[in-house]
Amino acid sequence: MSGTRACGTSATPDQVVATSPRRHRIAVLALPGVPPFELGIPSRVFGSVTDAEGRPLYDVTVCTADGAPVLSDAGFTVQPAAGPEALAAADTVIVPPTHAMPELGRGGPLPPEVTAAIAGIRPGTRLVSICSGSYVLAAAGLLDGRPATTHWNLAPEFRRAYPKVKVDEEVLFVDDGDVLTSAGVAAGVDLCLHLIRRDHGAALANRAARMCVVPPWRDGGQAQYIDRPVPEATVASTTATRAWALERLGEPLSLLQLAEHARMSLRTFTRRFRDEVGMTPVQWLTAQRLELAKQLLETTDLPIDLVAHRAGFGSANSLRAHMRTTFGVSPAAYRRAFSPNDLAGAL
């Protein structure tokens, strides 16, 4: 997926296939100073996911570290449904931001009740942060030595406070297997949709996105939102060329063809594309082709060679190499994990 970072431990078949008939339990930890928008993202997005019979696939519980209400940064009180016991019982714990713990920006300690609540999380529980909720995970030592992201505007401070964390402020989210972090605000929606896609496949994630009236995924990373000098009004955009390329992913598109379509020099096109999307044209094309390949693997019984051709990779070997590098699985393994009818049985 474009604008993401997926490490080698993420999205293996064992992780993405549900093995239990019960609902996946999600605990959302509301801390003092929590922004209401970010707090509500998990309930809204995961609450949109149902199986073919209309049964919810996730249980989302908002809890606090001690079970007591907390004051949001909007001035109203959040009454939790549970206390720290919800964290101990959860399959996934999500930590939204807090704007009431400035000491975390200096690498300071968590409040004792928060430390105790996080210590009660079962080993193997999936941990997720939204925006500066990454500070909470970092302060608890859960991001040491791991790749992670946070809001781009906070990245310099975050690096100083938590030098053991490998910060990448150019992506919308980072999937490091059992620990996932997202960039600012709306990137929390992107990450929740990614988790649904990882758990249940693209079809359910796309349906959840439609219910929330948001795109299933967004092009590029948060690098495109970082403050830069505003271009002149007459400066052309690469938007039309990106739309043109999306209709031709199966063709061998070259950088020169893209630049010519945009009526720019190679140098100008490459620079402007990166400014607008947050990645190079080649990186963007590869990401879009991988998304198309995943959709074809999930929804058709096309042979792997034909999937690779239609997605613009040219050969099955090329598709395998890209999928292993990006997702840690082969096309056949991905299809077995996500296909409801095991279409890949004979491949």
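Start by selecting Tyr135, Phe158 and Tyr162, which together form one aromatic cluster. Keep in mind throughout that the model on screen is predicted. Over the whole structure, a search finds six aromatic pairs.

**Helix 11: a ring pair**

For one of those pairs, go to Phe269 and Phe273, whose ring centres lie 5.6 Å apart. A pair of aromatic rings is described by the distance of the centres and the angle of the planes. Here the planes stand at 55°, so the pair counts as tilted; the edge-to-face class would need an angle over 60 degrees. Show helix 11, residues 266-277, as a ribbon: Phe269 and Phe273 are four residues apart in this helix, and therefore about one helical turn separates them.

Are the two rings' residues buried or exposed? Phe269 has 0% relative accessibility and counts as buried. Phe273, with a relative accessible area of 2%, is buried as well.

**Helices 9 and 10: a packed pair**

Next select residues 239-246, which make up helix 9, and residues 255-262, which make up helix 10. Two packed helices are described by the angle between their axes and the distance between the axes. For helix 9 and helix 10 the angle is about 130° and the axes are 9 Å apart. That angle makes helix 9 oblique to helix 10, since roughly antiparallel would require an angle over 145 degrees. The crossing of helix 9 past helix 10 is right-handed.

Now show side chains at the contact. Which residues make it? From helix 9 come Ala240, Thr241, Trp244 and Ala245, and from helix 10 come Gln257, Leu258, His261 and Ala262. Sorted by class, the contact between these helices has five nonpolar residues, three polar ones and no charged ones.

**Helix 7: His194**

Move to His194, found in helix 7, residues 187-200. Its relative accessible area is 12%, so His194 is buried, the limit being under 20%. To see what surrounds this side of the helix, display the contacts of His194. With neighbours within four places in sequence left aside, His194 is in contact with Phe173, Asp175 and Leu180.

**The loop before helix 4: Pro111**

Finish at Pro111, in the loop that runs between strand 6 (92-95) and helix 4 (112-119). Although Pro111 sits in a loop, its relative accessibility is 17%, so Pro111 counts as buried. Add Ala65 to the selection and draw a C-alpha to C-alpha distance to Pro111: the separation is 9.6 Å in space, against 46 residues in sequence.

Conventions:
Residues numbered from 1 in each chain as written. Predicted model: local features only at pLDDT ≥ 70, side-chain atom pairs only at ≥ 80, totals over all residues. Heavy atoms only, no water. Axes fitted to C-alpha atoms, helices over the stretch in contact; angles between N-to-C directions. Helix = DSSP H or I, 4+ residues; strand = E, 2+ residues; numbered from the N terminus. Parallel < 35°, antiparallel > 145°, perpendicular 65-115°, else oblique. Left-handed = near helix turned anticlockwise from the far one by under 90°. Contact = heavy atoms within 4.5 Å. Nonpolar A, V, L, I, M, F, W, Y, C, P; charged D, E, K, R; others polar. Buried < 20%, exposed > 50% of the residue type's maximum accessible area, 1.4 Å probe, protein only. Phe/Tyr/Trp six-rings, centres within 6.5 Å; stacked < 30°, edge-to-face > 60°.
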